[in-house]
Every structure is written in structure tokens, then in C-alpha cells.
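Please open the model in a viewer and keep the sequence panel visible. The stops below are to be selected one after another.

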Amino acid sequence: MTQPQMHEALLGASSDAPIEVAVQDSVAIVTLNRPAKRNALNDGTIQALHAFFSATPPEVKVAVIRGAGDCFSAGLDLTELTDQSITGGIRHSRLWHRAFEAIEFADVPVISVLHGAVVGGGLELAASTHIRVADGTAYFALPEGQRGIFVGGGGSVRLPRLIGVHRMTDMMLTGRVMEAQDALAAGLVQYVVEPGAAFDHAMTLAGRIANNAPLTNFAVVHALPRAAQAAPEHGLMLESLMAAIAQGDDLAKERLNAFLSKKAPKVR
Ligand code: 1HE
């Protein structure tokens, strides 16, 4: 693999930038970069995530988000909430919504690498990614109840779709902390690996995803969630249109012919 090239022009690569972005082959590695504050998400971090995911560089086929230091993220930077007006609170939440929507509907699939604390807004950030890889140190919580606030980063929409309203209600009302294996069983994460192994596992998955036809990846990120949430007759129509568009792509024809002429790998 080539050495990561820093995207200095876009975000800056100074050690105090809220996120750092490197591109390794065709994988963008986005690192939350406030380890001394446990990657608490301040406005600068949210704006930087929004800027990057709104326009991923054309050479990028997959993105991986991870946290520097001891954990993925301690959630909202609570120092920014102490003097918030109601109007300011709504705007703040909408800022997060725009940023996380840019991740959920990015040009490319996004994998999150989860270790240590994945709490509050950090869990909402993870929920906006497409694949969640946790290591055995990861733990998940929604301490908003203890802080006297409510989720504001899309958690009330995305988390119930992953784990059900009943589990989210329990986490918010009782402060329950979910360990990695429980998160796997609940459907909150798709993979749990040994402590320290989540980034490598995510990069392996990213390599596989990068080998898919770009149009298939686009369909999975953009058409699948919309079809899944639509009324069945609309979802099925969207599926038919997307299937026909994907099949019509030159790359699909090339890959189907390769299989039929026994030049493509089988499913193993
Ligand atoms: C912070 C934050 C933060 C740490 N905002 N500064 N999130 C929470 O309620 C979680 C709050 N954080 C914690 O419970 C713990 O910090 C952790 C379990 C995540 C990590 O514990 P630990 O012992 O490794 O670190 P620490 O010593 O508690 O924190 C290190 C520093 O980070 C310390 O600052 P310092 O100046 O004293 O060194 C902490 O104050 C600081 N820090 N977490 C600000 N969250 C869109 S709505 C979303 C709503 C939410 O996200 S609510 C959940 C908020």
C-alpha cells in the first residue's frame, strides 16, 4: 500500500485540526482528532465532517471513520451547550442533521471503527455510517438522560431502525451501557473483533467494497435505504428501476460475461 496522502488543501493536516483525512489507495481514512477531549464533537468537528462527506474526492471509493486515542467519541462537546438558547439548540441540532445526512448519503459507503466510548452523539455519528466494526473494548450508551438533554444528531430516527424503540428507550431512561457483544446481538454493530483489530478489519472490508462496481455501491447507499423505508409498492418500483440501471451499466455486462466465461471468482 502507498503511504497515506494527506488532504491538506481540503481540511488541513495540522495536529489541531478537528479531523484528519488521509487517502490510502482508494480508501479515505477520517480520524476524529480530539483525543484529549475523548473526541467530543464540537461545532468545528461537525462542520469538518459535513464538508468532507458532502464532496468526497473523486478517487475515493470507500471511507472509514475512526477516533484517535482511547475511544471513538464521547459525544457532544458539553462545553458548547452551557449557554444555548432554544433557537440556538434547534440550529445546532440541524447542523448535526446536515452533517450526518451527508455521511448517510455520501457518494461512497462509510465504515465506522468503534473502540472505547461510543456514546451520545458519538453513537449517533456511528449510526449514520453503513458498516460498524467494533472491537471488544467498545461500549455504547445514551447518557442524555443523565445530562438533562435529548438526542439531537438523528439518533431518534436512526437508532430505532437499528435496535428498536424499546432498546433505545431502555438505554435513555436507565443509562444502560451496552457492551460490544450485546451491541452485535442487538444489531447495533455488524462486526466485533479483538481489541485493537477493528481498524485493520475495517480496511479489509473497505478493500472488498472498493472492488464492487461503483454503481452497485451507489445503489446500496442511496436506493436500498429508501426502498426499505418506502411503501412497498414504491419500494418495489424503485428497486426495479435501480436494478435495470445497474444491469445496463457496461461494468455489469463485463462482469457478467467474465463469470459466464469462467474468468470470475465463484462465491466462496
Ligand atoms: C468532554 C466530554 C464531552 C470528555 N464534552 N468534554 N457525552 C457524555 O455525557 C459523556 C461524557 N464523558 C464521559 O463520560 C467520559 O469522559 C468518558 C467515559 C467518555 C471517558 O472517560 P475518561 O476517564 O477516559 O476521560 P475523562 O477524564 O472523563 O475526559 C478527558 C477530558 O475530556 C476531560 O477534560 P479535561 O480538560 O478535564 O482533561 C473531559 O472533561 C473531556 N470530555 N467527554 C466535553 N462529552 C447532538 S445531541 C448529542 C447529545 C450527547 O452527545 S449527550 C452525551 C454527552
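The tour begins with the ligand and then moves through the protein.

This is a predicted model, in which local features need pLDDT of at least 70, side-chain atom pairs count only at pLDDT 80 or more, and totals for chains, interfaces and linings use all residues. Residues are numbered from 1 along each chain as its sequence is written, and side-chain values use heavy atoms, with hydrogens and water left out.

**Stop 1: the ligand**

Select the ligand and display the residues near it (those with a heavy atom within 4 Å of it). There are 22 residues around the ligand, and those that come nearest are Lys37, Arg38, Ala74, Gly121 and Arg147. By class, the shell holds 11 nonpolar, five polar and six charged residues. In this division Ala, Val, Leu, Ile, Met, Phe, Trp, Tyr, Cys and Pro count as nonpolar, Asp, Glu, Lys and Arg as charged, and the others, Gly among them, as polar.

Next, display the polar contacts (pairs of N or O atoms within 3.5 Å; within protein, one must be able to donate a hydrogen and the other to accept it, and residues adjacent in sequence count only if both atoms are side-chain atoms). The side chain of Lys37 places an N or O atom 2.5 Å from an oxygen atom of the ligand. Two backbones also take part: a polar backbone atom of Leu76 is 2.9 Å from a ligand nitrogen, and a backbone N or O atom of Leu78 is likewise 2.9 Å from a nitrogen atom of the ligand. The ligand taken alone exposes 1,000 Å², of which the protein buries 65% (Shrake-Rupley method, 1.4 Å probe; for residues, only the protein chains shown count as cover). Two or more residues of the shell come from each of α4 and α5 (144–147). Helices here are DSSP runs of H or I with at least four residues, strands are runs of E with at least two, and both are numbered from the N terminus.

**Stop 2: Arg38**

Now select Arg38, in the loop between β3 (27–32) and α2. Although Arg38 is not a glycine, its phi is positive, about 55°. Is Arg38 buried, partly exposed or exposed? Arg38 counts as partly exposed because its relative accessible area is 39%; buried means under 20%, exposed over 50%, and partly exposed in between (1.4 Å probe, protein chains only).

**Stop 3: His115**

Proceed to the loop between β5 and β6 (117–119), where His115 is found. His115 has a relative accessible area of 17%, so it is buried. A polar atom of its side chain lies 3.2 Å from the backbone nitrogen of Cys71. Beyond residues up to four places away in sequence, His115 is in contact (heavy atoms within 4.5 Å) with several residues, including Asp70, Phe72, Asp135 and Thr137.

**Stop 4: Arg132**

Select Arg132 in strand β7 (residues 131–135). Arg132 counts as buried because its relative accessibility is 4%. Tyr191 is 59 residues away in sequence, yet the two C-alpha atoms are 6.7 Å apart. Among the contacts of Arg132 outside its neighbours within four places in sequence are Ser112, Leu162 and Gln190.

**Stop 5: helix α3**

Finally, select residues 86–104, the 19 residues of helix α3. Its buried residues include Trp96, Phe100 and Ile103. Among the elements against which the buried residues of α3 pack are α2 (43–54), β4 (62–67) and α10 (214–229).

Note on methods. The expected span of a helix is 1.5 Å times one less than its number of residues.
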